[in-house]
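Subject: Structure for you to look at

Hello,

Here is the structure I said I would pass on. Please open it first and read my notes next to it.

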Amino acid sequence: MWQRAGLMAVSAAVAAMVLGCSPPPSGPTVVIEDKVYTVMPASVLAKAGIMTGEVTEMKVTERVEKGSGNVVSMAKLTGKLKLTNSSKDQSVRLVGGKIQFIDAQGQPIKVEEKRIEPTLRFSSYGGAERLDPGQEATQSVDVDFPAEALKAKKLKEIRLELVYLPSSYKEETANFTVSIGGQ
């Protein structure tokens, strides 16, 4: 009798594993792809005070579901910003920057609520806290891009506002007379 009860318990356990514990069939796999918008021109030169710069490799990317076109990740502007201190007599400390997207009427296009205003933060550049005359700093750009600006003929220009602290820079030469003892 115990054998029969044991056999029934094992049979019930096997039936439960086969029927009740198997994972449900999976649904169709959602494929996510990057939708890339080119920014024309992809490289621009700019001047702001004593700072000259070049923004390169600009593109806007959003992530969408293949087939349905549903946006999974909102659009972002990426690129590289290279700044050069073009002054002959001032050092600068880069503090930060702001990017604005301007429409055909000259008005800023705002990013959507719950998204971050496009700003740049500068830390040290090549281990230095300042840029002396002629020195360069390179910064990656990765900021939220307004969906409204993706509409045809909506975006006219991108504005880069830089915040930096200039300070006087001088190189002076001092000569002093010396002699070597015992000569």
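**What was found**

On the surface, V30, I32 and V72 make up a nonpolar patch whose accessible area is about 230 Å² together. Patches are built from residues with over 30% relative accessible area and no salt bridge, where like charges are joined within 9 Å and nonpolar side chains (Val, Leu, Ile, Met, Phe, Trp, Tyr) within 5 Å. Accessible areas come from the Shrake-Rupley method with a 1.4 Å probe, and for residues only the protein chains shown count as cover.

Some background on the numbers. This is a predicted model, in which local features need pLDDT of at least 70 and side-chain atom pairs count only at pLDDT 80 or more, while totals for chains, interfaces and linings use all residues. Residues are numbered from 1 along each chain as its sequence is written, and side-chain values use heavy atoms, with hydrogens and water left out.

One member of the patch, I32, belongs to strand β1 (residues 32–38). Strands are DSSP runs (E, at least two residues), as are helices (H or I, at least four), and both are numbered from the N terminus. I32 has a relative accessibility of 32%, so it counts as partly exposed. The cut-offs are under 20% relative accessible area for buried and over 50% for exposed, with partly exposed in between (1.4 Å probe, protein chains only).

**Strand β5 and its partners**

Strand β5 covers residues 90–103, and 10 of its 14 residues are buried, so the rest of the structure largely encloses it. Which strands does β5 pair with? Pairing here means that DSSP finds at least two bridges between two strands.

- With strand β9 (residues 155–168), β5 pairs in the antiparallel sense over 13 bridges. D103 is opposite L155 of β9.
- With strand β7 (residues 119–121), β5 has 3 bridges, also in the antiparallel sense. Here G97 has L120 as its bridge partner.
- With strand β6 (residues 108–109), β5 runs antiparallel and is joined by 2 bridges. I102 is opposite P108 of β6.

β5 and β6 form a hairpin with 4 residues between them, and G106 in the turn has a positive phi of about 85°.

**Salt bridges**

How many salt bridges does the structure hold? There are 9, where a salt bridge is a side-chain nitrogen of Lys or Arg within 4 Å of a carboxyl oxygen of Asp or Glu.

One of them joins the side chains of E136 and K82 at 3.9 Å, N to O. E136 is in strand β8 (residues 136–144) and K82 in strand β4 (residues 71–85), so this pair ties together parts that are 54 residues apart in sequence. E136 is partly exposed at 48% relative accessible area, and K82 is partly exposed at 32%.

Another salt bridge is between E112 and R115, at 2.9 Å, N to O. E112 is partly exposed at 25%, whereas R115 is buried at 15%.

K154 and E148 also meet in a salt bridge, at 3.7 Å, N to O. Elsewhere, K76, E112, R115 and D144 are joined into one network by salt bridges that share partners.

**Backbone points to check**

Most residues other than glycine have a negative phi, and most peptide bonds are trans. Three places in the loops are worth a look against that background.

- M40 and P41 are joined by a cis peptide bond, with omega about -5°. P41 is in the loop between β1 and β2 (44–48).
- K114 has a positive phi near 70°. K114 sits in the loop between β6 and β7 and is exposed, with a relative accessible area of 84%.
- K153 has a positive phi near 60°. K153 sits in the loop between β8 and β9 and is exposed at 81% relative accessibility.

**Around N85**

Is N85, in strand β4, buried or exposed? N85 is buried, with a relative accessible area of 1%. A polar atom of the N85 side chain lies 2.8 Å from the backbone oxygen of Q90, and the N85 side chain reaches the backbone oxygen of L131 at 2.9 Å. A polar contact is a pair of N or O atoms within 3.5 Å; within protein, one must be able to donate a hydrogen and the other to accept it, and residues adjacent in sequence count only if both atoms are side-chain atoms. Leaving out residues up to four places away in sequence, N85 touches, among others, I50, M51, V92 and P133, where contact means heavy atoms within 4.5 Å.

Regards
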